[in-house]
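Work through these exercises with the structure open beside you. Try each task before you read its solution.

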Amino acid sequence: MAAAMATAAMAAAASSRAFLRPHGRRLLPLTRPLRRRLSATAASAPVSTAAPGGVVDVLRERGLVEATTSEALAAARPGELKVYCGFDPTAESLHLGNLLGLVALSWFRRCGHTAVALVGGATGRVGDPSGKSAERPELDVAAVEANSDAIKSLVAQILGRVPEPAHHSQPGTNQQPLVNSAAGSSPNMGSFVILDNYDWWKDITMLDFLKEVGRFARVGTMIAKESVKKRLASEDGMSYTEFTYQLLQGYDFLHMFKNMGVNVQIGGSDQWGNITAGTELIRKILQVEGAHGLTFPLLLKSDGTKFGKSEDGAIWLSSKMLSPYKFYQYFFAVPDVDVIRFMKILTFVSLDEIQELEESMKKPSYVPNTVQKRLAEEVTRFVHGEEGLAEALKATEALRPGAQTQLDAQTIEGIADDVPSCSLAYDQVLKSPLIDLAVSTGLLTSKSAVKRLIKQGGLYLNNIRIDSEDKLVEEGDIVDGKVLLLSAGKKNKMVVRIS
């Protein structure tokens, strides 16, 4: 009887190994030093990491660690960790909520480890229920693929400033990352890769998954996850599709751990359940230790509300969906109570320099928004590069009422998507009283309001203050013969396109 049970167990293990081996692909074993050094158990409850030095301590000092599954992470030497963070393609751009993941990956690279950005070309077709009060809208396959490609390109730019064409692996070929780059980095900088989980999910059948992975998952444990409990208690409940998401994400970790040596998963605090689902699957199916998880706090303002939403919606990271100028302005407007904390978690400025900036804010000679300006510059540079920062700074200076910078049509058009705009015929504008134009374009609601603003010195045409109620629009006022910029005070603007 015992012999029969042993034979059955060996057969089950062999079946699992066969399933986990990609079709026609050779498995890449973990290196022994890595497995030996990072051998702590991936516990189901977070523990603190207090060992001095290392990337975890860097992250902790900056407020970027919420929980870890093991103290072993703090002892990792440069080059020993392959760390992944997942990004589901629910839109054609990542948003500000994803920024902490990219910052954390960059810190791992700066400490000599390999960073892996995993785009959920497969899991994005299901939708992660974590942190959601209702099921995500379903995306068609074409939208998921287009979003995946756009996000791969965006992540490549942010992590390496080297955009690459996105693709899926072709059937029968080896899995190739979109990017594998440390070019232009210092000798101690770790590399990064961008992967798509559709590349392995497309070869897996549901029956095989249920048989070889699902049987290792305990329903009681899955239901106990915080993200599941909240949804089950809600009015809409949770669909079976969403319920299985944690297994899908868990298998991603298992697959990359086994085949690519990825041994750490990071994510926001709402991802803790999904991350531990992966460490548990690795321990149960592969019967090895060495898989770890780390979560960082969600990006919140001091009042507890999410940071990353504006009146117009999400703050997107892609310049195609939000201009570098508007992105810069969002960070420039951060209140004093939040700016130092955001400097720590969103930039790579040293903590000593951040402390100096904090001290400067307490001095009578402090110029308001000086630290906000530094924050906006650092984050804009990280997301949009030097070119995007230069564009944002140029537009910010040129569009400041009273600025001496010469305006051109290109600069004005550059912000047209970020401020109200309208189109008028040339003969409707030329020789038109500016008071009438300010009302007809919607900049102000009445002529009396325009007149009051002129008396207060707050009405500007192309950044030039208007002092006379009799001002008419002349040919020379129309910038490059194409546009006008009206401003009511510092913030309210109207771009008038001349057709």
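**Exercise 1.** Which side chain does the side chain of Gln249 join in a polar contact? Then classify Gln249 as buried or exposed.

*Solution.* Keep in mind that this is a predicted model. Start with the location: Gln249 sits in helix 11, residues 245-260. Next, look for the partner. The side chain of Gln249 meets that of Gln265 in a polar contact of 2.7 Å. Now classify. Gln249 has a relative accessible area of 9%. Buried means under 20%. So Gln249 is buried.

**Exercise 2.** Find the largest nonpolar core and say where it lies.

*Solution.* Step one is the size: this core has 70 residues. Step two is to pick out the residues with the most contacts inside it. They are Leu96, Leu99, Ile266, Leu317 and Phe331. Step three is to ask which domains contribute. Domain 1 (55-163 + 188-296) and domain 2 (323-399) both give residues, so the core lies between them. A separate core of 32 residues lies apart from this one, with Val193, Ile204, Leu248 and Val262 among its members. The general background is that in soluble globular proteins, nonpolar side chains tend to be buried together.

Now zoom in on one residue. Which residues does Leu99 contact, leaving aside neighbours within four places in sequence? They are Leu317, Phe331, Leu346, Val379, Phe382 and Val383.

**Exercise 3.** Decide how strand 5 is covered, and find a strand that pairs with it.

*Solution.* Take the residues of strand 5, 192-196. Check one face: Phe192, Ile194 and Asp196 are buried. Check the other: Val193 and Leu195 are buried too. That makes five of five residues, so strand 5 is largely enclosed by the rest of the structure. Now the pairing. Strand 3 (residues 114-119) runs parallel to strand 5, with five bridges between them. As one example, Ala117 stands opposite Ile194.

**Exercise 4.** Trace the open sheet of five strands from edge to edge.

*Solution.* Write down the order: 10-14-13-11-12. The pairing is mixed. Then mark the edges. Strand 10 (421-424) and strand 12 (464-465) each pair on one side only. Finish at strand 12. Strand 11 (residues 459-461) is antiparallel to strand 12, and two bridges join them. Leu461 has Ile464 in strand 12 as its bridge partner.

**Exercise 5.** Compare Arg60 and Ser499: how accessible is each, and what lies across from it in space?

*Solution.* Begin with Arg60, in helix 3 (residues 55-61). Its relative accessible area is 31%, so Arg60 is partly exposed. Arg60 and Ile345 are 285 residues apart in sequence, yet 9.8 Å apart in space, C-alpha to C-alpha.

Turn to Ser499, in the segment after strand 14 (492-498). Its relative accessibility is 65%. The cut-off for exposed is over 50%. So Ser499 counts as exposed. Ser499 and Asp427 are 72 residues apart in sequence and 9.2 Å apart in space, C-alpha to C-alpha. Beyond residues up to four places away in sequence, Ser499 touches Leu424, Ala425 and Tyr426.

**Exercise 6.** Summarise the whole protein in numbers.

*Solution.* Count the elements: 20 helices and 14 strands. Give the burial: 51% of the 499 residues count as buried. Give the surface: about 23800 Å² is exposed, and carbon and sulfur atoms supply 52% of it. Last, take the contacts with a separation of 6 or more. Residues 24 or more positions apart account for 73% of them.

Technical notes: Residues numbered from 1 in each chain as written. Predicted model: local features only at pLDDT ≥ 70, side-chain atom pairs only at ≥ 80, totals over all residues. Heavy atoms only, no water. Core = buried A, V, L, I, M, F, W, Y, C linked by side-chain atoms within 4.5 Å. Buried < 20%, exposed > 50% of the residue type's maximum accessible area, 1.4 Å probe, protein only. Domains from an automatic or database assignment. Contact = heavy atoms within 4.5 Å. Helix = DSSP H or I, 4+ residues; strand = E, 2+ residues; numbered from the N terminus. Pairing = 2+ DSSP bridges. Polar contact = N/O pair within 3.5 Å; in protein donor to acceptor, adjacent residues only side chain to side chain.
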